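User: I would like to learn how to read a ligand site, unusual backbone angles and a domain contact in a model of this kind. Could you take me through them one at a time?

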Amino acid sequence: MKIVMKFGGTSIADGKRIEQVIDIVHENIRGKNKVILVISALAGVTDNIITAIGKALSGDQEAITRIIEKLKLDHHRLAKEVVKDEVVLDAVLLELNELVEEFKRVIFSVSYLREVTPRSRDNLLSFGEKLSASIICAALKADALKVKWLSGGEAGIVTDDHFGAARPLMNITNQQVKERIGNLLDEGIIPVVTGFIAYTQNDVTTTLGRSGSDYSATILGAALDVNEVWIWKDVDGLMTADPKIEPLAQTIQRISYSEAMEMAYFGATVMHPKALEPVAEKNIPVRVKNAFNLKKPGTLVMEEKLVKLGDAVKSVAMIKDVALITVSGAGMVGTPGVAARVFSILSENHVNILMISQGSSEANISFIVSRESSDRTVNTLEIALLGGDTVKDIISENDVCVVAAVGAGMKGIPGVAARVFKAVADVGVNVRMIAQGSSELNISFVVQEEDSVKAVRALHREFRLDKSEIT
Amino acid sequence: MRIIVLGFGNVAQPFVKILCEREKELSGNFGLKPRVVAVVDRGGAIVSSSGLNFTRILEAKKLGKSVAADTKLGRPRTTGMEIIEEVEADVVVEATPTNIVDGEPGLSFIKAALKKKRNVIATNKGPLAIALPSLMELARYNGVCLRFSGTVGGGTPLLDLGKKCLLGDKIQSIKGILNGTTNYILARMTEARVQMDDALKEAQAAGYAEADPTYDVKGIDSACKLVILANWLMDRRITIKDVNISGITEVTLNEIVKAEEEKAAIKLIASINGGEASVSPRLLPKNHPLCVGGTLNAVTFTTEFAGEITLVGHGAGGVQTAGAVLRDLIDIKRELSL
Ligand SMILES: NC(=O)c1ccc[n+]([C@@H]2O[C@H](COP(=O)([O-])OP(=O)(O)OC[C@H]3O[C@@H](n4cnc5c(N)ncnc54)[C@H](OP(=O)(O)O)[C@@H]3O)[C@@H](O)[C@H]2O)c1
């Protein structure tokens with residue numbers, strides 16, 4: 001089997017964790033598996049770099065120096081702990097020093113100019129992954145394994161130049177990755193690739209945005225046609241509900257790509273939807289596993305026809321921190337284009353809309369936005385829409401939540417919505433607004449914030465998610 | 001609409017009061033939902049992104065405290081510049097004290113706000129007199145409005161009349177009495193035959209003159225207003241340096257009595273025509289339309305088509321100026337919803 005394995009920052013946080021990574025690699029090699037490792041930055045390092053950029057922008061060079069020292073110290077300490085061979089250790093310490101020096105040069109130039117472009121920002125952010133990949137590589141090498149670490153760009157991932165959230169050019173990437181990583185694998189070398197970062201066509205460093213390391217793993221997996229992509233996290237996998245809200249929540253064993261993406265949209269998953277795209281196209285299964293509890297089977301995200309549909313609903317999600325905005329006015333009835341106007345204003349102002357509903361009387365439109373953007377949204381709409389004859393009022397309610405039931409099993413099965421709303425009504429929760437996506441993978445609705453936990457638990461119970469198969 | 005208010009004195013306080021009192025009307029008639037998100041005075045700032053409630057703030061201000069003294073929302077020592085940088089807003093109202101030497105702090109505030117693409121309403125003449133051509137260019141370049149109705153004529157809509165009611169016509173010259181305090185002083189000298197010092201004391205006692213009347217009596221206040229009129233209405237890119245200024249300090253009671261005998265009066269006249277801009281005491285026949293008494297202002301526009309138009313009205317007090325700020329605010333809201 002050929003497997004891409006991605007280790008998140010907490011999964012390589014200390015000596016014990018890294019020894020476990022080495023064990024996992026050994027085990028797979030004994031099992032005649034070929035592995036490609038994708039490594040995130042150590043936990044907290046990316047945040048430290050972001051802090052350093054902030055300090056650079058205000059010209060606070062003392063603070064930058066402190067952060068750099070800590071960066072160096074932390075990585076040195078970890079390297080000394082896990083690299084069990086003098087020669088390899090000396091080499092990696094030297095390598096770490098060089099990386100830190102390079103980082104220092106870039107960040108100081110930012111601090112002189114007091115300006116950071118998206119391009120230099122990506123360059124700075126890339127150091128976290130380079131430092132950690134270098135250590136993991138050395139640790140494996142000291143353990144008599146043949147390894148080589150490469151940056152995502154060196155591995156062959158090419159993206160557009162949308163710095164900060166670059167998208168891969170998949171065909172070039174496929175070809176280059178096949179060549180470069182393929183060659184290493186043929187020579188029996190284990191590739192250790194930095195997650196999160198890539199190159200433009202001109203070899204300028206880019207980053208893949210949120211959950212970027214997962215994305216790197218699936219891009220590599222797709223390019224190499226691997227059998228599986230394994231994402232090591234610090235949770236058991238995808239859950240039937242947030243265990244902090246519903247203590248009876250279970251790990252979902254198998255789930256389809258589209259269900260997982262739907263859950264991600266509702267903030268419930270550990271993986272970003274776009275990270276699933278490359279593997280979904282090629283039906284490569286993704287295994288989400290807990291690096292802190294190897295015995296747990298984790299969740300397998302895979303092609304829909306291999307997934308047991310089970311009951312209609314597979315997971316119940318909740319988005320907190322949203323606001324319900326209602327645009328109303330009797331004059332809106334029969335006036336064409338009000339909704340279009342509202343949504344074009346919102347998109348011009350980069351307001352992301354999570355849910356929409358329009359009353360059939362047309363006298364109002366309601367929609368959900370993140371709570372943090374609600375003041376700004378209301379203000380923008382007031383300036384643009386009030387004062388004419390159509391829109392009379394724009395109000396926002398900040399004490400609401402979105403609850404969503406997700407599952408491919410509800411497709412084409414009548415009565416699921418009725419069950420959802422009966423269950424919620426039975427516990428005395430009032431539903432403020434309803435939406436069902438045309439994909440029919442979810443039914444979502446808005447409730448008062450104080451009712452949200454009750455609603456989640458009612459659905460969890462109604463669809464017997466506390467009893468979903470666990471092995 | 002989110003508003004930052006810089007300076008919280010005789011103009012800004014009635015302004016926020018009007019916003020509260022007229023809430024329904026502003027929203028119903030103009031679709032205007034004003035939210036004052038920050039106020040700054042010398043002691044610091046008070047900030048709330050969802051809009052401040054003023055009952056408590058006005059009370060505290062009455063007791064002589066800074067707005068920053070508020071325990072929950074106050075930010076002691078935070079400056080106007082910091083607030084302009086940090087607080088998201090649509091409009092900045094600049095109402096700090098006039099300074100004709102370097103325009104500060106208002107000039108920096110207005111520039112920073114325009115660069116940050118905030119619409120600006122100024123009541124403070126200093127920055128405008130010193131740099132109006134640059135400020136107008138900065139506003140245009142950044143695609144925002146710069147309005148200052150409150151700086152000239154107070155409640156009398158001098159700037160709007162010239163700009164909006166004479167569309168297509170051309171103003172060729174402007175001449176008038178732009179300062180109520182000096183007009184009052186000259187009128188008292190004429191009526192009561194008192195010396196200038198006494199007339200000034202009377203004006204101060206009646207609340208028509210500031211404790212420091214220098215800008216008024218030296219003609220500087222009139223010159224500032226003339227600069228604003230010339231830029232706004234005649235596209236003349238001048239600043240206060242381009243105005244020949246002499247105030248009323250040299251005018252004697254004797255001269256006034258003599259004028260009176262000739263059925264004339266001495267008035268502090270600001271004028272600009274094709275050529276020079278000036279402020280100086282001049283002799284006007286008693287029956288001249290500009291020959292108004294008391295604290296009145298009067299301005300004659302000479303236009304290409306309409307000929308002469310004279311507007312007479314009261315100059316500014318805090319409330320009138322606050323009303324002018326509101327006019328500007330409604331105007332900006334209209335611009336923004338286009
Ligand atoms: N009053 C009128 O009738 C009238 C008419 C037309 C135009 N204007 C112009 O409008 C402006 C405001 O007039 P006003 O009568 O309201 O003046 P004011 O009563 O003296 O108020 C000035 C305000 O500005 C604040 N301030 C002073 N320096 C500051 C700084 N560096 N940063 C932030 N705030 C500062 C003061 O703070 P504190 O409260 O802490 O002292 C005060 O709140 C002046 O330029 C004036 O010429 C006034």
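Analyst: What follows treats the ligand shell, then the backbone, then the domains. This is a predicted model, in which local features need pLDDT of at least 70 and side-chain atom pairs count only at pLDDT 80 or more, while totals for chains, interfaces and linings use all residues. Residues are numbered from 1 along each chain as its sequence is written, chains are lettered from A and ligands numbered from 1 in the order in which they are written, and side-chain values use heavy atoms, with hydrogens and water left out.

User: Which residues come nearest to the ligand?

Analyst: A residue is near a molecule if one of its heavy atoms lies within 4 Å of it. Of the 23 residues around the ligand, the nearest are B:Phe8, B:Arg42, B:Lys61, B:Thr96 and B:Thr98. Strand 2 (35–41) and helix 13 (318–337) of chain B, both DSSP runs numbered from the N terminus (helices H or I, at least four residues; strands E, at least two), each supply at least two residues of this shell.

User: Which polar atoms lie close to the ligand's oxygen atoms, and how much of the ligand is buried?

Analyst: A polar contact with the ligand is a pair of N or O atoms within 3.5 Å. A polar side-chain atom of B:Thr98 is 2.5 Å from a ligand oxygen, and polar backbone atoms of B:Gly318 and B:Gly317 lie 3.3 Å and 3.5 Å from an oxygen atom of the ligand. Taken alone, the ligand exposes 890 Å² (Shrake-Rupley method, 1.4 Å probe), and the protein buries 76% of that.

User: What should I look for in the backbone?

Analyst: Most residues other than glycine have a negative phi, and most peptide bonds are trans. Here the peptide bond from B:Glu104 to B:Pro105 is cis, with omega near 5°, and B:Pro105 lies in the loop between strand 5 (91–94) and helix 5 (106–115) of chain B. B:Lys117, in the loop between helix 5 and strand 6 (119–122) of chain B, has a positive phi of about 60°. A:Asp321 also has a positive phi, near 55°, but this residue lies in strand 11 (residues 315–328) of chain A.

User: How many residues does each domain of chain B give to the contact?

Analyst: Domain bounds come from an automatic or database domain assignment, which for chain B gives domain 1 (2–155 + 318–337) and domain 2 (161–314). The contact (heavy atoms within 4.5 Å) takes 18 residues from domain 1 and 18 residues from domain 2 of chain B.

Terms used
A polar contact is a pair of N or O atoms within 3.5 Å; within protein, one must be able to donate a hydrogen and the other to accept it, and residues adjacent in sequence count only if both atoms are side-chain atoms.
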